[in-house]
Amino acid sequence: LVGALAGPIGCLIMPDGAPREIGTAFLRVMALGGFGTIYVALAVAILRAWGDAVRPLIVVAVMSVSTLVLELIVLLGLFGVEPRGVVAAAWITVVVRALSALVLVWMISRHIALWPAQGERFINCSALISQVRLGLTAACQQVVRLVGLLVLLGLTSSRFGEAGYTAVNIWIKLDLTVLLTAFAWAGAAAPLVGMGLGAERLNFSRRAAWGSVFWAVLTSVLATVIVLSTCGPFVAAFVPDDPTVVELTKTVLQFAAPAYLLLSSGIVISGAYNGAGDMKTPLLWDLGTLLFVQSLLAFFFATPDGMGLAGIGLAVLISRCLQGLVPMYLLRRAHWLRAIHKGYRPQHERSGDNSRS
C-alpha cells in the first residue's frame, strides 16, 4: 500500500521539486522491497524465542554495518565509485536486508522443520487466530510511531522547506540506531516476561522487565554521548555543501538526544507488556504521547516566527519523556503482571492445594 501510494504520500510530506521526486522514488523502493525487513524482524523473534540470541545479533550487526558502509560508498563516491543518489542507497538497503533474511530463515530451518510432518496441516488455525489478534495490535504500535514521524515531516516540510525537511530526515536516520537497540532489549524482555508468567514466577517476570530497562538505559546513555559529540561531523559528511542543514540537524538532536534514556525505557517496557500478552496498553500510551502530545506541541512550538525547528526538538523531548515516565509508572504498580496474567494465584493464596503447589 505504501509503495503504491508513494506519490500521494510524497505530496503530503515532502517539499515541491526534486526532493519530492527523489523522496517518492526512495519511498517506493523501500516499501515494495520491505519484505526483507519484515522477515528479518520475524526470524530474529523466532530465534530468540528458541533461545538463540547471539547469532541473530551477529547477523543484524553485519547487516547494519554493511548497509551503512555501502551506502556511504555509493552516496559519497568513495574508492573510485561513481556517486549515486539516495534511490541507489535504498536498493542497497533492500538487497542487504533480503540476504540477511535468507540467512536467518536458514538458521531457523536448522532448529525447526519448516514443512509439516506427514498428516499434519501446514497452518494451525487456532494458533493463527491468536497470532493475528496479537500481531495486529502490536503492528498498530509501530504504525503509530511511523505516523508520528510522518506528521513531523509534513509539518517541517510545509513550514521550513527543503533545509528543515532534510535536517529532520537526517535526525530520524541517526535516531534509528538508538531505536533499534532499544527494540533489541525489548525483544529480549518479551519472551522472558512471558515465560516467567507461564511458570507463575511473578518476581522473575518483574525482574526481567526492570533488568532489560537497566541495560537499555546504559546503552542509551552511551548513545547520547556519542550522538551529541559526533553529530556535527557525521551530518556534515552527508551534506558537506549545506552548513544550514548541519546546524538545523544539530538543533533538533540537542533536544531529542537527552531523552534517549526515557525513550529506551518506554520501548523496553512496551516489550515487557507485549510478552505478558498486553498489546493494548502500550498502544494507548503511544497514541497519547505521539499522536496527541508530540503533534500538538510541534504544531504550536515549531513556527518560523517562534522557536523555529527547535520547536520540533522540544516537542520530541517532551513526548519522549512521557513515553518513558508513563510506562515506568505503570510498571511500578505491584499488581500489573497479575492483572494481565488473569489465572495467576500466588503460592500463599492456594489453600489446601498441595498437589498443585
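Start by selecting Ile38, which counts as exposed at 53% relative accessibility. You are looking at a predicted model, by the way. Ile38 sits in helix α3, which covers residues 35-50, so colour that stretch while you are there.

Now widen the selection around Ile38. Add Phe35, Tyr39, Leu42, Ile46, Trp50 and Ile112, and you have a nonpolar patch on the surface. Together with Ile38, these residues show about 710 Å² of accessible area. Switch on a surface view to see the patch.

Next stop: helix α5, residues 86-111. What span do its 26 residues reach, from first C-alpha to last? Put a distance on those two atoms and you should get 38 Å, close to the 38 Å expected at 1.5 Å a residue.

Stay on α5 and show its side chains. The buried ones are Ala89, Ala90, Ile92, Thr93, Val94, Val96, Ser100, Ala101, Leu104, Met107 and Ile108. As you look along the axis, keep in mind that an α-helix has 3.6 residues a turn, so residues three or four places apart point the same way. Which helices do the buried residues of α5 pack against? Show α2 (18-32), α3 and α4 (54-76), and you have the partners. You have already met α3 as the home of Ile38.

Time for some rings. Across the whole structure, a search turns up five aromatic pairs. Select Trp115 and Phe122 for one of them: the ring centres are 5.7 Å apart and the planes meet at 50°, so this pair is tilted. Are these two residues buried or exposed? Trp115 is exposed, with a relative accessible area of 68%, and Phe122 counts as exposed too, at 56%.

Then jump to Trp185 and Trp215. Their pair is stacked, with 6.5 Å centre to centre and 20° between the planes. Trp185 belongs to helix α6 and Trp215 to helix α7 (residues 202-238), so the pair ties together parts that are 30 residues apart in sequence. Trp185 counts as partly exposed at 28% relative accessibility, and Trp215 as partly exposed at 46%. Add Phe214 to the selection, and the three residues make up one aromatic cluster.

For the last stop, follow α6, which runs over residues 125-198, to Gly161. Gly161 is partly exposed, with a relative accessible area of 25%. Now select Asp16 as well: Gly161 and Asp16 are 145 residues apart in sequence, yet their C-alpha atoms are 8.7 Å apart in space.

Terms used
Residues are numbered from 1 along each chain as its sequence is written. This is a predicted model: local features need pLDDT of at least 70, side-chain atom pairs count only at pLDDT 80 or more; totals for chains, interfaces and linings use all residues. Side-chain values use heavy atoms; hydrogens and water are left out. Helices (H or I, at least four residues) and strands (E, at least two) are DSSP runs, numbered from the N terminus. Buried means under 20% relative accessible area, exposed over 50%, partly exposed in between (1.4 Å probe, protein chains only). Patches are made of residues with over 30% relative accessible area and no salt bridge: like charges are joined within 9 Å, nonpolar side chains (Val, Leu, Ile, Met, Phe, Trp, Tyr) within 5 Å. Accessible areas come from the Shrake-Rupley method with a 1.4 Å probe; for residues, only the protein chains shown count as cover. A salt bridge is a side-chain nitrogen of Lys or Arg within 4 Å of a carboxyl oxygen of Asp or Glu. The expected span of a helix is 1.5 Å times one less than its number of residues. Contact means heavy atoms within 4.5 Å. Rings of Phe, Tyr and Trp (its six-membered ring) pair if their centres lie within 6.5 Å; planes under 30 degrees apart count as stacked, over 60 as edge-to-face and the rest as tilted.
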